[in-house]
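Work through the exercises below with the sequence and the structure open beside you. Try each task before you read its solution.

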Amino acid sequence: HPRRGLDAVLDAVEHLQGAALPASILETAILPSRVLGYTPLDLDTLISAGEVVWAGVEPLGDRDGRVALYLADQIDRLWVPRATAAKGALDEKAQAITGYLKREGASFFAPLHEAVGGGYPRDTVDALWTLVWKGVVTNDSMHGLRAYLGGEIRRRKRNRSSGGQHRSGEFAP
């Protein structure tokens, strides 16, 4: 029987650890079927508290991807990093991002964007998503992933482009 609350979300994540789940249904079908009264705030709370980590596994089409959830204290034991592409296989922007994050640690978008040469923000966003789907970087919240999943629909409804820049959340190696 599904339970309610943060402990129920932790239990669900524990059972789902490492499974490559479509991000588009993670919070609309997968977690709600396991947690009574699930709300996105539950997962946000656990991620910001450092209890849960998400990692990109692979893209699915233009606006979806498979993600895996982990309990933070078990990720080192359970997560098997995919063989990252040879340095030459990443474009210059992606290489600059990984170098910056290795040196500086978790960073917000604006300083990261400036540190890797600035320019058109969409180029940095695209490079970040390439790295997310390769499992190289993640974010300390679900906000960027949620925006990515709904980005095209939201932009069409507003009839303007946000450029994909998300002001909340830090990207981390």
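The accessible surface of the protein chain in this predicted model comes to about 9,300 Å², and 52% of that surface belongs to carbon and sulfur atoms.

**Exercise 1. The chain as a whole**

Task: State how many helices and strands the protein chain has, and what share of its residues count as buried.

Solution. Begin with the secondary structure: the protein chain has eight helices and eight strands. Next take burial: 44% of the 173 residues count as buried. Finally, look at the contacts between residues at least 6 apart in sequence; 65% of these join residues at least 24 apart.

**Exercise 2. The order of a sheet**

Task: Work out the strand order of the open sheet of three strands, and find which strands stand at its edges.

Solution. Step one is to list the pairs. Strand 2 pairs with strand 5 in the antiparallel sense, over two bridges. Strand 4 (residues 52-59) also pairs with strand 5 in the antiparallel sense, over seven bridges.

Step two is to check single partners. Pro22 has Arg66 in strand 5 as its bridge partner, and Val53 has Tyr70 in strand 5.

Step three is to put the strands in order, which gives 2-5-4 with antiparallel pairing. Strand 2 and strand 4 each have a single partner strand, so they stand at the edges and one side of each lacks a neighbour in the sheet. Helix 7 (residues 121-133) packs on this sheet and touches strand 4 and strand 5; its direction makes about 100 degrees with that of strand 4.

Step four looks at the link between strand 4 and strand 5. These two strands form a hairpin with five residues between them, and Gly61 in the turn has a positive phi of about 70 degrees.

Last, consider burial in strand 5 (residues 65-71). Six of its seven residues are buried, so strand 5 is largely enclosed by the rest of the structure.

**Exercise 3. The place of Leu21**

Task: Decide whether Leu21 is buried or exposed, and name residues in contact with Leu21.

Solution. First locate the residue: Leu21 lies in strand 2 (residues 21-22). Then apply the cut-off. Buried means under 20% relative accessible area. Leu21 has a relative accessible area of 10%, so Leu21 is buried.

Now turn to the surroundings. Leu21 stands opposite Val67 in strand 5. Leaving aside neighbours within four places in sequence, Leu21 is in contact with Leu16, Leu26, Ile30, Gly65, Arg66 and Val67. As an example of sequence against space, Leu21 and Gly65 are 44 residues apart in sequence and 8.1 Å apart in space, C-alpha to C-alpha.

**Exercise 4. Two helices that meet**

Task: Describe how helix 1 and helix 3 are placed relative to each other, and which residues meet.

Solution. Two packed helices are described by the angle and the distance between their axes. The axes of helix 1 (residues 6-16) and helix 3 (residues 40-48) come within 10 Å and cross at roughly 75 degrees. Angles of 65 to 115 degrees count as roughly perpendicular. Helix 1 and helix 3 are therefore roughly perpendicular to each other.

Next, name the residues. Leu6, Val9 and Leu10 in helix 1 meet Asp42, Leu43, Thr45 and Leu46 in helix 3. Sorted by class, this contact has five nonpolar, one polar and one charged residues.

To finish, look along helix 1. The buried residues there include Val9 and Leu10, along with Ala8, Ala12, Val13 and Leu16. Just after helix 1, Gly18 takes a positive phi of about 85 degrees.

Notes:
Residues are numbered from 1 along each chain as its sequence is written. This is a predicted model: local features need pLDDT of at least 70, side-chain atom pairs count only at pLDDT 80 or more; totals for chains, interfaces and linings use all residues. Side-chain values use heavy atoms; hydrogens and water are left out. Helices (H or I, at least four residues) and strands (E, at least two) are DSSP runs, numbered from the N terminus. Buried means under 20% relative accessible area, exposed over 50%, partly exposed in between (1.4 Å probe, protein chains only). Contact means heavy atoms within 4.5 Å. Accessible areas come from the Shrake-Rupley method with a 1.4 Å probe; for residues, only the protein chains shown count as cover. Axes are lines fitted to C-alpha atoms, for helices over the stretch in contact, and angles run from 0 to 180 degrees between N-to-C directions. Angles under 35 degrees count as roughly parallel, over 145 as roughly antiparallel, 65 to 115 as roughly perpendicular and the rest as oblique. Ala, Val, Leu, Ile, Met, Phe, Trp, Tyr, Cys and Pro count as nonpolar, Asp, Glu, Lys and Arg as charged, and the others, Gly among them, as polar. Two strands pair if DSSP finds at least two bridges between them.
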